[in-house]
Amino acid sequence: MYGLVNKAIHDMICTHHGPETWEKIKHKAEVEADSFISMEAYPDDLTHRLVKAASDVLALSPSQIMQAFGEFWVQYTAQEGYGELMEMSGDTLPEFLQNLDDLHTRVGVSFQKLQPPSFDCEETTAQTLHLHYRSQREGLSPMVTGLVKGLGTRLHTDVEVTQVQHTSEGADHDEFVIHYTPKEAETPE
Ligand code: 1MF
């Protein structure tokens with residue numbers, strides 16, 4: 001994955017746990033680099049080693065780390081140069097999720113080593129969505145739960161996310177059911 005992903009993991013750990021904890025995690029993951037280059041493609045294995053090491057050092061499950069990372073990614077990319085890209089993708093949850101493939105197409109035009117996942121979003125009832133996630137990568141579905149929660153925060157929407165199909169259990173793709181409620185806008189005095 002692009003270095004931007006590993007940089008985001010670095011920033012999340014440093015912000016929430018401090019640079020000493022990051023050094024421990026880096027050491028445990030046997031990562032030699034002092035920093036990551038956003039626009040360089042790194043082996044997925046490096047990212048997986050960082051998640052595993054963070055899970056050991058912080059005594060959280062890999063799935064908890066990836067969920068937290070998904071939430072962090074939404075605000076991180078919005079701050080780190082992709083704010084406009086995020087703004088273009090919609091201001092309601094169903095709209096944003098439906099536009100994610102276009103977002104990845106835009107990024108992929110300039111960065112051809114991008115291996116974008118695909119997201120398909122169906123609205124089943126007024127405030128229920130079914131999200132179908134297909135990726136060339138394995139094991140990232142907990143991150144998707146975090147990404148949807150991060151989008152909830154960004155779009156002022158309460159969300160409840162449940163994964164209902166798992167490729168790890170033989171399903172064809174990962175599927176999530178999302179209940180969402182847009183929060184009341186604050187009325188100015
Ligand atoms: O292949 C990749 O390197 C890659 C990296 C990040 C592919 C996708 C993504 C983003 N995606 C990560 C989880 C799924 C990965 C998978 O299943 O294979 C999160 C998608 C997402 C979901 C909900 C809300 C927002 C989301 O992301 C917004 C986004 C997506 C991509 C970028 C930024 C924001 C991005 C921008 C530049 C990149 C890489 C990704 O690379 C750079 C960076 C700097 C200079 C040059 C290239």
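**Figure 1. The two domains of the chain in the predicted model.** The C-alpha centres of domain 1 and domain 2 are separated by 24 Å. Domain 1 spans residues 3–60, and domain 2 spans residues 91–182. Both domains take part in surrounding the ligand: domain 1 and domain 2 each contribute at least three residues to the shell around the ligand.

**Figure 2. The ligand in its pocket.** The ligand is located in the largest pocket. The shell around the ligand contains 26 residues. By residue class, this shell consists of 20 nonpolar residues, 5 polar residues and 1 charged residue.

**Figure 3. Helices that contribute to the shell around the ligand.** Four helices, α1 (3–17), α4 (62–79), α6 (93–110) and α7 (141–154), each provide at least two residues of the shell. Helix α6 makes the largest contribution, with 5 residues.

**Figure 4. The residues that come nearest to the ligand.** Among the residues of the shell, Tyr2, Gln115, Tyr133, Ser135 and Arg137 come nearest to the ligand. Three of these residues, Tyr2, Gln115 and Ser135, are shown in the next view with their distances to oxygen atoms of the ligand.

**Figure 5. Polar contacts between the ligand and the protein.** Tyrosine 2 takes part through its backbone, where a polar atom is 2.9 Å from an oxygen atom of the ligand. Glutamine 115 also takes part through its backbone: an N or O atom there lies 2.8 Å from an oxygen atom of the ligand. In serine 135, by contrast, the atom concerned belongs to the side chain, and this N or O atom is 2.7 Å from an oxygen atom of the ligand. On its own, the ligand has 890 Å² of accessible area, of which the protein covers 97%.

Terms used
Residues numbered from 1 in each chain as written. Predicted model: local features only at pLDDT ≥ 70, side-chain atom pairs only at ≥ 80, totals over all residues. Heavy atoms only, no water. Near = heavy atom within 4 Å. Polar contact = N/O pair within 3.5 Å; in protein donor to acceptor, adjacent residues only side chain to side chain. Areas by Shrake-Rupley, 256 points an atom, 1.4 Å probe, with all protein chains shown as cover. 1 Å grid on protein atoms, 1.4 Å probe; cavity = no way out; pocket = protein on both sides within 12 Å on 5 of 7 lines; lining within 4 Å. Sits in = over half its atoms within 2 Å of the grid points. Nonpolar A, V, L, I, M, F, W, Y, C, P; charged D, E, K, R; others polar. Domains from an automatic or database assignment.
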